[in-house]
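Open the model in your viewer and keep the selection tool at hand. The stops below go from one selection to the next.

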Amino acid sequence: MMASELQKLIKKNRGFYVKMRILHKGRQPEKSLFFRYYQWILWFSFTLYFLTSFFITNKPIQLSKPRASGSKLSLPSRVLFESVNKTSQQPYLKNPGFSLPLSSSSSFFLLKTDVINGLFLSLAAMFKDLKIFIYELPSEYNENWLSNKRCSNHLFASEVAIHRALLNADDFRTFDPKEADFFFVPVYVSCNFSTVNGFPTIVHARSLLFSAIQFITKNYPFWNRSQGFDHIFVASHDYGACFHAMEDRAIDNGIPEFLMNSILLQTFGVNYKHPCQDVENVLIPPYISPESIRKTLEKAPLTGNRDIMVFFRGKMEVHPTNVSGKFYSKRVRTEIWRRYKADRRFYLQRHRFTGYQSEITRSVFCLCPLGWAPWSPRLVESVALGCVPVIIADGIRLPFSSAVKWSEISLTVAEREVGKLGQILEHVAATNLSTIQKNLWDPAVRRALLFNDHMQRRDATWQILTSLYKKLNRSYRRSRVPSQ
């Protein structure tokens, strides 16, 4: 092309460009609309990119298929240990009450956290006007029991933990009982430890609670006006508000008449009709100290092996009929011991060991069989320490099912199938174990089952408040407010 022709073409295009600029000045609103549409497309594309990146970089680790082996510890089990190590070797993000492995998609994790924070704020706004009044009872009902340090740390200690968390919950606590939707009665009935075996004895529970109600009715008008309908108690014992460790005795005794109208926060729950849950209740997890979990995870070697395939430490009677004449654990633990005590895949211990949580961090599957009652603190410890819970308790109802997808993080084995336990776990090890482990290490799961002195978003106390908010129809104050 000649130089003179090129100059003419440039001048021609420049005129077109100037003309287009003049035209666009008269169409400014259309430009704004276009850019808004463009920004929306750009935002959607980035979101899709992060989601795709996350799922691609976080594929479950596939386990090898079973192969013949001369050792009792088969290849799927060894591969299982290696797959868990890949998880444990990742760096950990430390948070109060839990730890979790960071994936390579940390940027997506931060984005996910922002979304969770936003949801937390919306939930807080949803029940921001929920108010709870905490009775100030004489110290013999609660504070005096704390002289024994076990009172605030043993498996029934949720009665202490919930009280502490509510005392610190400024957004939900009210000092004006006229503003209250619910009234919390802080009585510690589980801190009377036997001098014979050290176990909590709750024979005094009914009389202590009845005495507390007498004090309340004498000094406040709120119990009598609703007959306790809007009052809350904690029953963190084997059979909840029936206050007995033996099921037959608990059923015979039943729930005390003076508690039948109230709300019970209790650890006992089954998915069939039972006299010990025949009351308005919120199912809660047993207490495990968040501090103990944190310390255990700090000590657990990040590159260490999960060299125990199946773990259980606890009471396993060789002869299931004990001094009470009852069959402990419905013979389930005895059967586990009889069948698997010599099996190298199983690490079974019948004696106490204070450092047992370190054994959980080394284990892949943790057995959670029933004892006298269906529930067990092992369930929470297993989840918190990353060991897949194997629940052996027919009909058990598990806490906070809306927050914890139990079917995705645990295994349930029928009591009658204990004899097939080895086969069942080998099959899981060779198929979908890595998916279960990935679900198990979701920080929201761990958080939902732990009580903190200062309530954290979506922790166990938060879950309780969410459940109580759904029971506001029991609030005397709200029933007296005229509808708008």
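Select Phe451: its relative accessible area is 2%, so this residue counts as buried, the cut-off being under 20%. Bear in mind that the model is predicted. Add Tyr287 to the selection; at 8% relative accessible area, Tyr287 is buried too. The two ring centres lie 6.5 Å apart and the planes of Tyr287 and Phe451 meet at 25 degrees, so this is a stacked pair. Planes under 30 degrees apart are what stacked requires. Now colour the backbone on either side. Tyr287 belongs to the loop between β7 and α9 (290-299), while Phe451 belongs to the loop between α16 (443-448) and α17 (460-469), so the pair ties together parts 164 residues apart in sequence.

Next, select Tyr340 and Phe346. Here the ring centres are 4.2 Å apart and the planes are at 15 degrees, so this pair is stacked as well. Tyr340 is buried, with a relative accessible area of 5%, and Phe346 is buried with 6%. How many aromatic pairs does a search of the whole structure find? The search finds 16.

For a group of rings, select Phe133, Tyr135, Phe183, Tyr220 and Phe222, which form one aromatic cluster.

Two arginines are worth a stop. Select Arg350 with Trp337: Arg350 lies over the face of Trp337, 5.3 Å from the ring centre. Then select Arg474 with Phe229; the charged end of Arg474 sits over the ring of Phe229, at 3.7 Å from its centre.

Switch to a cartoon view for the sheet. Strands of a sheet pair through backbone hydrogen bonds, either parallel or antiparallel. Which sense of pairing does the open sheet of five strands have? The pairing is parallel, and the strands run in the order β3-β4-β5-β6-β7. Select 132-134 and 281-283 to mark the edge strands, β3 and β7, each of which pairs on one side only. From one strand to the next, the twist averages 25 degrees.

Zoom in on β3 and its partner β4 (residues 182-184). These strands pair in the parallel sense over three bridges. Ile134 stands opposite Phe184 in β4. Now add residues 158-167, which are helix α5. This helix packs on the sheet and touches β3, β4, β5 (231-235) and β6 (263-266). The direction of α5 makes about 115 degrees with that of β3.

Move on to Pro369, in strand β10 (residues 363-369). Is Pro369 buried or exposed? Its relative accessibility is 0%, so Pro369 counts as buried. To see what surrounds Pro369, select Phe312, Val332, Arg333, Ile336, Ser376 and Ile392; Pro369 touches each of these, with residues up to four places away in sequence not counted. Then draw a distance from the C-alpha of Pro369 to that of Ser329: the gap is 7.6 Å in space, against 40 residues in sequence.

Finally, zoom out to the whole protein chain. The chain has 18 helices and 12 strands. Of its 484 residues, 49% are buried. Among contacts with a separation of 6 or more, 71% are between residues 24 or more positions apart. Turn on the surface to end the tour: the chain exposes about 25300 Å², with 56% of that supplied by carbon and sulfur atoms.

How values were computed. Residues numbered from 1 in each chain as written. Predicted model: local features only at pLDDT ≥ 70, side-chain atom pairs only at ≥ 80, totals over all residues. Heavy atoms only, no water. Pairing = 2+ DSSP bridges. Helix = DSSP H or I, 4+ residues; strand = E, 2+ residues; numbered from the N terminus. Axes fitted to C-alpha atoms, helices over the stretch in contact; angles between N-to-C directions. Contact = heavy atoms within 4.5 Å. Buried < 20%, exposed > 50% of the residue type's maximum accessible area, 1.4 Å probe, protein only. Areas by Shrake-Rupley, 256 points an atom, 1.4 Å probe, with all protein chains shown as cover. Phe/Tyr/Trp six-rings, centres within 6.5 Å; stacked < 30°, edge-to-face > 60°. Lys NZ or Arg CZ within 6 Å of the ring centre and 35° of its normal.
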